[in-house]
Each structure stands twice: as C-alpha cells, then as structure tokens.
Amino acid sequence: MTERILNFSAGPAVLPVPVLEEAQRDMLSLPGVGMSVMEISHRSKTFDEIIGHAEAGLRELLKVPDNYHILFLQGGASLQFSMVPMNFLPADGSADYVLTGSWGKKALKEAKKVGAVNVAATMADGGFTRVPSRDEMSLSSHAAYVHITSNETIEGVQWKREPNVGDVPMIADMSSDILSRAFDVSKYGLIYAGAQKNMGPSGVTVVILRDDLLQRIPENLATMLDYRVHVENKSLYNTPNTWGIYILRLVCKWLLENGGLSAMERENEAKARLVYEAIDATDFYRGHADVDCRSSMNVTFRLPAEELEKKFVAESTAQGLDGLKGHRSVGGIRASIYNAFPRAGVEALVSFMKDFERRNG
Ligand code: PMP
C-alpha cells in the first residue's frame, strides 16, 4: 500500500508528510555525510548539530527562557512518573497531585512508591470529565511540587489555562498537547512529554526544567535517573535515540515554517471545533468531557450503545479512518487530531459521523 490512510491514533501518531519525505530522501545518506543518521556516532559533529538544532527549535517554538534546560531522554513519559519524585520529593516532604484522568493516576502511583503525596484534587468520581476549579483543589503551600496532566489523552480532558499554584513548582505531563498551542514555560518548574504525539517517533522524552531546581536533587540517585547528570552531559551521558531526535528536529523545522505555535493553535482549535459541533448537533453522539475542558487533541465521545460503537469503528476503519476506537479502559470513540493531522481528515470524519447517524440513528 502506498496510499496514506487517515490516522486517528493517540500515539504513536501521524507525522507531517514533509518530515517523512525529508527523512526518506536522506535515509541512505545525510547530505555531505554519506551515512544515515542511524549510523553516525552520537559524539560526531553532525549529530552535535542535529541535537543542537532540535533544542534550538524547541526553544524558539516554546520561547523557553534561558534558565531552563532541555533534555532528550528515554524511557517514555512513564519513566518521568518515577524520575520526578525521585529527584524532587524529599524524604521529609510531600507532593501535590491533581488527577484529571488515567495518566495522572499512573503518575501518582509511582510517586507513592517514592514518598508522601497529597491528592490535591481528583475528578475520578465524575468519570474524569473536567479539571477542578481552584476552590476544589487542596494545595499545600509546603508541597515539594504540584503535578498536573495538561491533557488527559484517554479521557480527552485538557486544562485550557494552567492553575495558579503560587510559589510551589508546577510539574506538568504535557505528552499529548505539547507544541499544540503557545503557553508560558516560566509558569512551570518542569515539563515532560513523550515525543510520539506531536514531536516525533516514540523513544524520545523531552524534559524542560528550571535550573534552580537542580540543587534539590539528592546525592545518591542512580546515575541515569539523575536529571543533573543529563544536564551536565547535554543529554549525551549515554547513547540517545539519535533517529528520534533527528525527526523531532525536522518536526520543529516544519512547525517554524508553518507559523509556529500560534498558527498551530488556531488550526487545532478549528479542527476540534468541527468534530465537537458534529457531536453537539445531535443526541446520537455524546461528548465525554465538559464543554470548557474539551481537549483539542483527543476528542472523546460515546454512541447510544456499545454495539453501535463497535459498528462505528469497524465501518470507519473500512473507509480508511483508522484508530478511532477509544482506549480499552474507557471504551467509546476517540479521535486524536494532533498537529500533523490534516483538516481534510477531520472533515472526512464529520461526514462519516453524519452518514453513520443517518443509517443507524
Ligand atoms: N502521559 C500521557 C498524557 C500520555 O498520553 C502517555 C502515553 N499515551 C503517557 C504519559 C505515557 O507515555 P509513554 O508511553 O511515552 O511512557
């Protein structure tokens, strides 16, 4: 098959075609190098330039202040669930976790193994349909940090504006919405995100962290789990995912050539609006998240019966709309429409939804 289908997968997810084309063109030999990026040393001048451009691209897109480091690590966002408390949750301290979905719960589970945690708010009772209001969060002014998940990929619940947590460092899992919109990095102590939704292939995790926090890291951590080691070695303590970092650099270039994050945000809002309008236009489809917390990346909704949801998935897949089945833990339908997902694909989904309702409503 050479035709590309519409890939609604939550991650690994669709990548920009120009990025894939450039990678394909240079697969056998990077210009002037005579080897593919997978065959060169991570200590070579060529790779030094690639990782430098990847970092510069992220810095420019996200307007990362100079007192923040950018790291390219491995182990996925899941390893960050452990690294964050190992580095920043002291034995005599406690950390606040705000739970707005399944990934926040997983982060909490790992933190509990390291030290004391306070669930500052959990939206589990309502089935994770929204983020808490400021009044609903019991934040501690002595917390080592506050952890949030900016976009819950499974439930499709997104913080439209980050909470104000005062002077306590805010740590965010941004795996599924980083680079989808502009935001103020300086409001965060640490941001982490697996690359495989909006930044590149799986196997690279981006960590952005404020320099002064490094002083809080205990002395005896395992080397690979110590952020200081990765800062000091510029993400090259061991062999990084050279291919993943190369693709991430191409994705940054593509974003910069296409108007950066404000243009991306406008386009993402417009794409998401098309699907939410289709959901709201009828009682046949029922959106999962509350209207003001709806994710612009992962649109989640239900049909009147599970049988119909199965049919919806089977028929859409047959028509080249792939990956619409909701996460196995919650069911329903999920359309992941990251940066690289084309608007025409969203229009195809909306027209499929209308047609499906006509035949089954
Ligand atoms: N956090 C969020 C918000 C996610 O969406 C995911 C993956 N879907 C993870 C964490 C886990 O990421 P990884 O598979 O890179 O460990």
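Here are some numbered notes on the ligand site, the cavity and a few individual residues of this predicted model.

1. Let's begin with the ligand and its neighbours. The residues around the ligand are Gly76, Ala77, Ser78, Phe81, Trp103, Asn151, Thr153, Asp173, Ser175, Ser176, Gln196 and Lys197. Sorted by class, this shell has 7 polar, 3 nonpolar and 2 charged residues. The biggest share comes from helix 3, residues 76-88, which gives 4 residues to the shell, the most of any element.

2. Three distances to ligand oxygen atoms are worth having at hand when you look at the site. The side chain of Ser78 places an N or O atom 2.6 Å from an oxygen atom of the ligand. For Gln196, a polar side-chain atom lies 2.9 Å from a ligand oxygen atom. Ala77 takes part through its backbone: one of its N or O atoms is 3.1 Å from an oxygen atom of the ligand. As for coverage, the ligand taken alone exposes 400 Å², and the protein buries 84% of that.

3. Next comes the empty space inside the protein. Rolling a probe the size of a water molecule over the atoms shows where empty space is left. In this structure there is 1 cavity of 30 Å³ or more. The largest cavity holds about 50 Å³ of space. Its lining is made up of Val14, Leu15, Pro16, Lys197, Asn198, Met199, Val251, Trp254, Leu255, Asn339 and Ala340. By class, that lining divides into 8 nonpolar residues, 2 polar and 1 charged. You may have spotted Lys197 twice: it is listed among the residues around the ligand, and it also lines the largest cavity.

4. A few backbone angles deserve a look, so here is the usual expectation: most residues other than glycine have a negative phi, and most peptide bonds are trans. The peptide bond from Gly11 to Pro12 is cis, with omega near -5 degrees. Pro12 sits in the loop that runs between strand 1 (6-7) and helix 1 (17-25).

5. Which residues other than glycine have a positive phi? One is Lys63, with a phi of about 50 degrees. Lys63 belongs to the loop between helix 2 (45-62) and strand 2 (68-73). The other to mention here is Phe128, whose phi is near 50 degrees. Phe128 is part of the loop between strand 4 (116-122) and strand 5 (146-149).

6. Are Lys63 and Phe128 buried or exposed? Lys63 has a relative accessibility of 68%, so it counts as exposed, the cut-off being over 50%. Phe128 has a relative accessibility of 6%, so it counts as buried, the cut-off being under 20%.

7. His147 is a nice one to click on. This residue is found in strand 5 and counts as buried at 2% relative accessibility. The side chain of His147 makes a polar contact with the side chain of Tyr192, at 2.7 Å.

8. Lys113 lies in helix 4, which covers residues 102-114. With a relative accessible area of 59%, Lys113 is exposed. Its C-alpha atom is separated by 9.0 Å from that of Pro85, and these two residues are 28 residues apart along the chain.

9. Leu99 belongs to strand 3, residues 94-99. At 5% relative accessibility, this leucine counts as buried. Between Leu99 and Ala120 the C-alpha to C-alpha distance is 8.0 Å, with their positions 21 residues apart in sequence.

10. Ala272 is found in helix 7, residues 260-280. Its relative accessibility is 3%, so Ala272 counts as buried. Pro16 is 256 residues from Ala272 along the chain, and their C-alpha atoms are separated by 18 Å. Pro16 is also one of the residues lining the largest cavity.

11. To finish, Arg334 lies in strand 14, residues 333-336. This arginine counts as buried, at 9% relative accessibility. The C-alpha atoms of Arg334 and Ala281 are 18 Å apart in space, while the two residues are 53 apart in sequence.

Key. Residues numbered from 1 in each chain as written. Predicted model: local features only at pLDDT ≥ 70, side-chain atom pairs only at ≥ 80, totals over all residues. Heavy atoms only, no water. Near = heavy atom within 4 Å. Polar contact = N/O pair within 3.5 Å; in protein donor to acceptor, adjacent residues only side chain to side chain. Areas by Shrake-Rupley, 256 points an atom, 1.4 Å probe, with all protein chains shown as cover. Nonpolar A, V, L, I, M, F, W, Y, C, P; charged D, E, K, R; others polar. 1 Å grid on protein atoms, 1.4 Å probe; cavity = no way out; pocket = protein on both sides within 12 Å on 5 of 7 lines; lining within 4 Å. Points joined across faces, edges and corners; volume = space filled by probe spheres on them. Buried < 20%, exposed > 50% of the residue type's maximum accessible area, 1.4 Å probe, protein only.
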